[in-house]
Amino acid sequence: MLTIKRFYLHNRLRNYNYCLVDENNQALIIDPTDADLSIRFCLEHNLTPTQIWITHEDLDHYVGANQTSQTFNIPIHCPQKMTHLFHKAFGYKHGDYLEFNGFKFNITHVPGHTPLHHVFLEQDQKWLISGDIIFNYGMGKVRRDQFSSMFEAIQWVKSIKDECVFLNAHDYDLDNLAYAQMLQPNNTELGQL
């Protein structure tokens, strides 16, 4: 059994960072933004990190990875084209999978937010580590003329079973709801959220 430990960074981009933790307090760190906070979080919760996974190439998803990796002497798994950024990196690609203490996460390339964006889906726990592809009430910013790629990524996300838990990387809930209400002022369902 894995548990989710999520912490909010109170930064300008409103990042969430995650640790997935097994029954022995071994931890998998996802997209460490602030190394000092990631390290302190692990120490305060008596966690033993064993890996770091990076979803994509936005700086706020990996700027703390090297320092965190060096502190705990653990590997970083990232898209193949990012390995040069890290001192102890292993590259992955679409169709690969990563394992954490017996749990298997399938890797899917879902460009649209960025060209290298990937997500990790664990079928047994029904968890999707979704990075910046999708948020509560919204989706990640589309750039670099990747509108069709983002549309395909969202279609892929929609194909996942409803009971899947999404571990998204930012808290944009209130902003996204306000934007939706501006676009659809007569939508009474939005006012109930």
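Trainee: In which helix is the place of Ser 38?

Mentor: Ser 38 belongs to helix 1. Please keep in mind that this is a predicted model.

Trainee: Is Ser 38 buried or exposed?

Mentor: Ser 38 counts as buried, because its relative accessibility is 1% and the cut-off for buried is under 20%.

Trainee: What does Ser 38 touch?

Mentor: Leaving aside residues up to four places away in sequence, Ser 38 touches Phe 7, Asn 17, Pro 32 and Thr 68.

Trainee: Let us turn to the sheet. How many strands has it, and in what order?

Mentor: There are 6 strands in an open sheet, ordered 1-2-3-4-5-6, and their pairing is mixed. Strand 1 (3-8) and strand 6 (89-92) stand at the edges; each has a single partner strand, so one side of each lacks a neighbour in the sheet. On average, neighbouring strands are turned by 25° against each other, direction ignored.

Trainee: How many bridges join strand 5 to strand 6?

Mentor: Strand 5 (residues 76-79) and strand 6 run parallel and are joined by 4 bridges. For Ile 76, the bridge partner in strand 6 is Ala 89.

Trainee: And which strands does helix 1 touch?

Mentor: Helix 1 (residues 35-44) packs on the sheet and touches strand 1, strand 2 (16-21), strand 3 (26-30) and strand 4 (48-53). The direction of helix 1 makes about 135° with that of strand 1. Helix 2 (residues 65-72) also packs on the sheet, where it touches strand 3, strand 4 and strand 5. The angle between the directions of helix 2 and strand 4 is about 150°.

Trainee: How many residues has the largest nonpolar core?

Mentor: That core has 22 residues, and Cys 19, Leu 47, Ile 52, Ile 54, Met 82 and Phe 86 are those with the most contacts inside it. Strand 2, strand 3, helix 1, helix 2 and strand 5 each give two or more residues to this core. Helix 1 gives the most, with 4 residues. Apart from this core lies another, of 17 residues, including Leu 2, Ile 30, Phe 103 and Leu 167.

Trainee: One more topic: which residues of helix 3 are buried?

Mentor: They are Met 150, Ala 153, Ile 154 and Val 157. Seen down the axis of helix 3, the buried residues fall within an arc of 100°, so they line one face of the helix.

Trainee: What is exposed on the other side of helix 3?

Mentor: Phe 151, Glu 152 and Lys 158 are exposed there. Helix 3 (residues 147-158) has 12 residues and reaches 16 Å from its first C-alpha to its last, close to the 16 Å expected.

Conventions. Residues are numbered from 1 along each chain as its sequence is written. This is a predicted model: local features need pLDDT of at least 70, side-chain atom pairs count only at pLDDT 80 or more; totals for chains, interfaces and linings use all residues. Side-chain values use heavy atoms; hydrogens and water are left out. The expected span of a helix is 1.5 Å times one less than its number of residues. Buried means under 20% relative accessible area, exposed over 50%, partly exposed in between (1.4 Å probe, protein chains only). The arc is that of the directions from the helix axis to the C-beta atoms. Two strands pair if DSSP finds at least two bridges between them. Axes are lines fitted to C-alpha atoms, for helices over the stretch in contact, and angles run from 0 to 180 degrees between N-to-C directions. Contact means heavy atoms within 4.5 Å. A nonpolar core is a set of buried Ala, Val, Leu, Ile, Met, Phe, Trp, Tyr and Cys residues joined through side-chain atoms within 4.5 Å.
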